Amino acid sequence: MDRNTYTGLFLIMLILFGSFYLMKPSEADLKKAQIAAHADSLKKAGIKTAVVTAPKVDSVPKAQVVDSAILKTAFGAATVGTEQLVTVENKDLLLKVSTHGGRVQYAELKKFKTFDGKPLVLFNGPNEHFGLNFIAGNKKINTNDLYFKPSATALNSAGADSAISFRLNYSATQYIDYVYSLPAAGYKLGLVIKETGLDGVIADSKVVDINWQSSMLKTEKDMSMERQYSTVYYKNTEDDVNSLSVTGDEAKDVNDKKIQWVSFKQHFFSNVLIYKDGFTKSNLKVSMDTSNKTEVKQMQASLQIPANSAGVYPMEFYYGPNEFKLLKAQGFNLDKQIDLGWGPLKWINRYAVLVVFDFLKKFGWNYGIVILLLTILLKLVLSPLTYKSYLSMAKMRVLKPEMDEIKAKVGEDNPTLLQQEYMKLYKKAGVNPLGGCLPMVLQLPIVFAFLRFFPALFELRGESFLWMKDLSTYDDLIKFGTTIPLLGDHLSLMCLLMTISTFIYTYFNNQISGATGQMKYIGYITPVIFIFVLNKYPSGLNYYYFLANMLTFAQQYAIRLMVDDKKIHAQIQENKKKPEDKTAKKKSGFAAKMEDYMRNQQVQSQAPKQIPPAKKGK
């Protein structure tokens, strides 16, 4: 390949790479007695009564100053109480619901651990909010600030589906129930909000306003990468899935279409609220405090739904992993919040790479072996392009002596004429100068598709291979003890091996193409970029790129045994002897314009320069 071809290919890669980067609670003594069950509310909700286990109520006493005037206002009696954390659990989830607001305050996934082996807690503490906003008795009410009464001290659904309710009383016959239902296994928590006898109490009963906030806790090794994949996602009733910014703070109003679910998504886990009838108005926010080392991001959703005559609003929470098949099984297109890239990259990952990966993982092999087999299959599919690229570069290498003769004859002072002569030689020899790089360019979408695929792949989380303890994050076998600009506090060994293999690949590629001069060194810039960009990326990704390079070496070696330079040279000489076909197909518009452009440039360069007349003095 000549200088322009190399430069063009390098700029294409640089632009594509750039587009991807510019594109706490306390525990108290167990003392509370069992509270009378609200069997009537459970019966009306159509859910069977909870089977109460041994008491698991966490009391969180709060010193309060009681104002008798407040007690006489709407829901005034509910402003006073003692916070209790009621444990609700099944095979997969352990939740704690606070009587202060009736909200889920703590969510733990039993089957998973954080990167450092601790229980995996999605959120925990007073920063978790879920409440209704309305006006009653000329006073603004936020149920998140009021005390509910639970129907049981605990709920364990490990044996069968069961439910528990939390009641906010206005009077003995007027109240709001939160009815939580939990299956024996799984990551969904049902919630039915039921208003009883409040038509004359709530000022504006046409809509129901919900405020939901959460601070998502760190669960992964690399906070910066976790933040890069965490934000608010939402889906409207027309199946369009969108998200807020992943790089900074953002607030957005969504009023044109109903929203069916809102997800507070982290890198590998999500906290989702689903209302299948759709929220009519929504205000969504995401913010990030970079000085906070325990919270990934803070997320908020203000949601509105139209009131109905029954006063019953069934919803669902999903607290679980972002595993593609698991999310898809939940329905409502929850799997679309997994970022598999944009445009063609998303389709390559979703309908090709993911399908093959799911097939290979069924055999139960180590994921390092699965990645190896995935790479081999991919290289086999791309082998025709690899062969064509090698053959084209071999032809250019054979032509190089003749190109050097043309350069010596024409000189480098007239690049337009030099390119014209090169084009004549290519035409006579039947060689396409772009034949070597076009197959490489066609493979670039696949290269970049994997750049999005592996970081989003939940299955690699916590999986080890060789010295890599977790394929979903970087391996820090080499630690610096201090932070180095652009590189960080470590050097990933797999990233280093991948970079070295890329250097070697570039060297052998130069031998095949016959690159000389500055062209020999341009290809070495890309590996230098890799070491800084990919050092914090998953070791599984760098492992794949390393394997791809090594398999390319093997392919090129095999092809080299099949390709004879002498036969290529003889074929080129035979092509040059053939008379020009006058009936040959007319040049394409682009080729004709390029030839006209070079011809005009040649004419202008040979035209004598006119010396402007000297100005006359006054």
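The questions and answers below concern a sheet and a surface patch in this predicted model.

Reader: Which strands are the edge strands of the open sheet of 6 strands?
Author: The sheet is open, and its 6 strands follow the order β7-β6-β13-β20-β19-β16, with antiparallel pairing. A strand at the edge pairs on one side only, and this holds for the strands formed by residues 139–142 and 250–254. The edge strands are therefore β7 and β16.

Reader: What does the twist average from one strand to the next?
Author: The strands of this open sheet are paired in an antiparallel manner, in the order β7-β6-β13-β20-β19-β16. Going from one strand to the next, the twist averages 15°.

Reader: Which residue stands opposite N133?
Author: Strand β6 covers residues 129–136 and runs antiparallel to β7, to which 4 bridges join it. The residue that faces N133 belongs to β7, and that residue is N142.

Reader: Which helix supplies the largest share of the nonpolar patch?
Author: The patch on the surface is about 730 Å² and is made by L486, I500, F503, I504, Y507, F508, V528 and F532. Two helices, α10 (493–513) and α12 (525–533), each supply at least two of its residues. The largest share, 5 residues, comes from α10.

Reader: Is L486 buried or exposed?
Author: L486 lies in the loop between β22 (478–484) and β23 (488–491), and it is one of the residues that make the nonpolar surface patch. Its relative accessible area is 73%, and because a residue counts as exposed when this value is over 50%, L486 is exposed.

Key:
Residues are numbered from 1 along each chain as its sequence is written. This is a predicted model: local features need pLDDT of at least 70, side-chain atom pairs count only at pLDDT 80 or more; totals for chains, interfaces and linings use all residues. Side-chain values use heavy atoms; hydrogens and water are left out. Two strands pair if DSSP finds at least two bridges between them. Axes are lines fitted to C-alpha atoms, for helices over the stretch in contact, and angles run from 0 to 180 degrees between N-to-C directions. Patches are made of residues with over 30% relative accessible area and no salt bridge: like charges are joined within 9 Å, nonpolar side chains (Val, Leu, Ile, Met, Phe, Trp, Tyr) within 5 Å. Accessible areas come from the Shrake-Rupley method with a 1.4 Å probe; for residues, only the protein chains shown count as cover. A salt bridge is a side-chain nitrogen of Lys or Arg within 4 Å of a carboxyl oxygen of Asp or Glu. Buried means under 20% relative accessible area, exposed over 50%, partly exposed in between (1.4 Å probe, protein chains only).
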